[in-house]
Amino acid sequence: MAAGRRAPRSGLLELRGPGGQWLRVLLTLAEDVLGVSPADGPGPAGGPGEAAAAQLNGGEPGSAVPEALANIRRTVRVVKQDVGGLGISIKGGRENKMPILISKIFKGLAADQTEALYVGDAILSVNGTDLSEATHDEAVQALKKTGKEVVLEVKYMKEISPYFKNSSSGATVSWDPSPVAPQKRSSPLLPPRELREGRTVPLKMCYVSRKCLPTDPEHRYLEVCSADGRVALFLRAKDEATALSWLSAIQANAALLLPRVKEELRAQLVGAGTVAGRDIKHVGWLTEQLPSAGTRNLLAVLTEKELLLYGSLPQSRDALGKPAHSYPLIATRLVHSGPAKGSALYEAELSFALRSGTRLGVQTHLFSLESPRDLALWTRLLVDGTHGAAELVQEVSAACTWKGQDCTLSIHIDKGFTISTTEPGLSKTILLQQPFEKLQMSSDDGTKMLYLDFGGPEGEIQLDLHSCPKTIVFIIHSFLSAKVTRLGLLV
């Protein structure tokens, strides 16, 4: 295996099919795709019990091993337990003209917990040591010398599985202590149905979540969806730990592809001629709570000046230029980060809220994420993004009416407030100019009026902006926050 490359991971989970039926499937996680192929026999209707576990590992050899695994080399990482070691027994060896074969997997021990090893697997190598021509004793010694972490290269030998049923040669020898409890046998499975064609989900910007509906009291559900929304998998693991392990593994592989996604989006921006102020800072999935109490998944693209929201990963310049929603960072404010209050759905979840000043008023959005790390990252990027956008924009202007005269209100992050007028054919006339430091109060009526008080003899300045003033109000606050950050008063 090449240096730096992750070993493929595989295991059995259940896939929710039409009508709510759960089907047992084999998941295979590679560097850039997640493969799913049907396994022999249906999955249990409820949670996986002891019988199901025995069928996977310690039961009748080959009874529940997916056809897709036959004669395919796999790499499986096993972490030994303090008690029980690897928790497997072997048969075979060169003297028996057989490969080294796993003859038993003890329920609950290290090998069983991987959900990726099966009775009938041939052990080809251990931690890089070739066992393909090893005697039984050589294999036992090689496995005894391993440390806590063991990397096995295996291949399921379907044609040899009858060996365990009919041959008495090659007594079972375990190199790890056997558990006291007897190994339970599996109950017979239904006849295998015709296998359907397997599917793959590209990991590039795939959506993966454990926040699934219907509710998941046992925390065993896992949802995986391709970036274009065309392939969606609703999965169930045997327990919460397994679901979390798969979530982490899929997220880790997808995260390694994120730099490539950013470069592709940057290339689309360059081709569209919109480079200035549109560098890609971050890309990720957010779950938005809708006013109707439902939710939707949105792909968020954070640039230097905007937060762009899409229903799926934009695959072209045209799609990138048509987000479902676009919010200028300079007019957007983070107002909440952490467990949401007053929301039954988000009460115990990690979320943040944004408010944006628009010509239609203030828009509020509540988003949730999967982990504290994601929440901390988005919180920092949005706050820093607002300040960065203020420094980039520097100045905004808006038409207004003051004292019955048509004017222009200009707000500069360094120069402050300027009200000016320009008559046709004449130069600009400055009617009022005040720095930010003199601003004592600002307010609005939510409809069209903006009120500014600099403590001067002119008193409160009443400006008619002819539309909702919230955008200007939010920009004023962003400029002020950026100026305070410059002074090191905000961290």
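# A colleague's notes on this predicted model

1. E391 is partly exposed, its relative accessible area being 30%. That residue makes a handy place to start, and we will come back to it below. Please keep in mind as you read that this is a predicted model.

2. Here is the overall picture. The protein chain has nine helices and 27 strands. Of its 491 residues, 47% are buried. How much of the contact in the chain comes from residues 24 or more positions apart? Among contacts with a separation of 6 or more, such pairs account for 56%.

3. Next, have a look at two helices that pack against each other. A packed pair of helices is described by the angle between the axes and the distance between them. For helix α8 (residues 372-393) and helix α9 (residues 470-486), the angle is about 100° and the axes are 9 Å apart. This makes α8 roughly perpendicular to α9, because angles of 65 to 115 degrees count as roughly perpendicular.

4. Which residues make the contact between α8 and α9? From α8 come T386, H387, A390 and E391, while α9 contributes S478, F479, S481, A482, T485 and R486. By residue type, the contact of α8 with α9 is made up of three nonpolar, five polar and two charged residues.

5. Two residues of this contact also pair with each other. R486 and E391 form a salt bridge, with 2.8 Å between the closest N and O atoms. The pair links distant parts of the chain, since R486 sits in helix α9 and E391 in helix α8, 95 residues apart. Is R486 buried, partly exposed or exposed? With a relative accessibility of 41%, R486 counts as partly exposed, and E391, as noted at the start, is partly exposed at 30%.

6. Helix α9 takes part in another salt bridge. The side chains of K470 and D444 meet at 3.1 Å, N to O. K470 belongs to helix α9 and D444 to strand β25 (residues 441-444), so this pair ties together parts that are 26 residues apart in sequence. Elsewhere, E263, R266 and D279 are joined into one network by salt bridges that share partners. In total, the structure holds 17 salt bridges.

7. One more salt bridge deserves a visit: K238 with E115, where the closest N and O atoms are 3.6 Å apart. What does this pair tie together? K238 lies in the loop between β13 (232-236) and α5 (240-256), and E115 lies in the loop between α2 (110-114) and β7 (121-126), so the pair connects parts that are 123 residues apart in sequence. The two partners differ in accessibility: K238 counts as partly exposed at 32%, whereas E115 is buried at 8%.

8. E115 is worth a second look for its backbone. Most residues other than glycine have a negative phi. E115 is not a glycine, yet its phi is positive, at about 55°. M205 shows a positive phi too, near 55°, and M205 is likewise a residue other than glycine. M205 is found in the loop between β10 (199-202) and β11. With a relative accessibility of 8%, M205 counts as buried.

9. E115 turns up again among the neighbours of S10. Where is S10? S10 lies in strand β1 (residues 9-16), and it counts as buried at 10% relative accessibility. Leaving aside residues up to four places away in sequence, S10 touches L26, L27, T28, R74, T114, E115, A116 and W246.

10. R220 is another buried residue, with a relative accessible area of 6%. You will find R220 in the loop between β11 (207-209) and β12 (221-225). Which side chain does the side chain of R220 meet in a polar contact? The partner is the side chain of E218, at 2.7 Å.

11. Last, a stop at M98, which is in strand β6 (residues 98-105). M98 counts as buried, because its relative accessibility is 18% and the cut-off for buried is under 20%. How far apart are the C-alpha atoms of M98 and E133? They are separated by 9.0 Å, with the two residues 35 apart along the chain.

How values were computed. Residues numbered from 1 in each chain as written. Predicted model: local features only at pLDDT ≥ 70, side-chain atom pairs only at ≥ 80, totals over all residues. Heavy atoms only, no water. Axes fitted to C-alpha atoms, helices over the stretch in contact; angles between N-to-C directions. Helix = DSSP H or I, 4+ residues; strand = E, 2+ residues; numbered from the N terminus. Parallel < 35°, antiparallel > 145°, perpendicular 65-115°, else oblique. Contact = heavy atoms within 4.5 Å. Nonpolar A, V, L, I, M, F, W, Y, C, P; charged D, E, K, R; others polar. Salt bridge = Lys/Arg side-chain N within 4 Å of Asp/Glu carboxyl O. Buried < 20%, exposed > 50% of the residue type's maximum accessible area, 1.4 Å probe, protein only. Polar contact = N/O pair within 3.5 Å; in protein donor to acceptor, adjacent residues only side chain to side chain.
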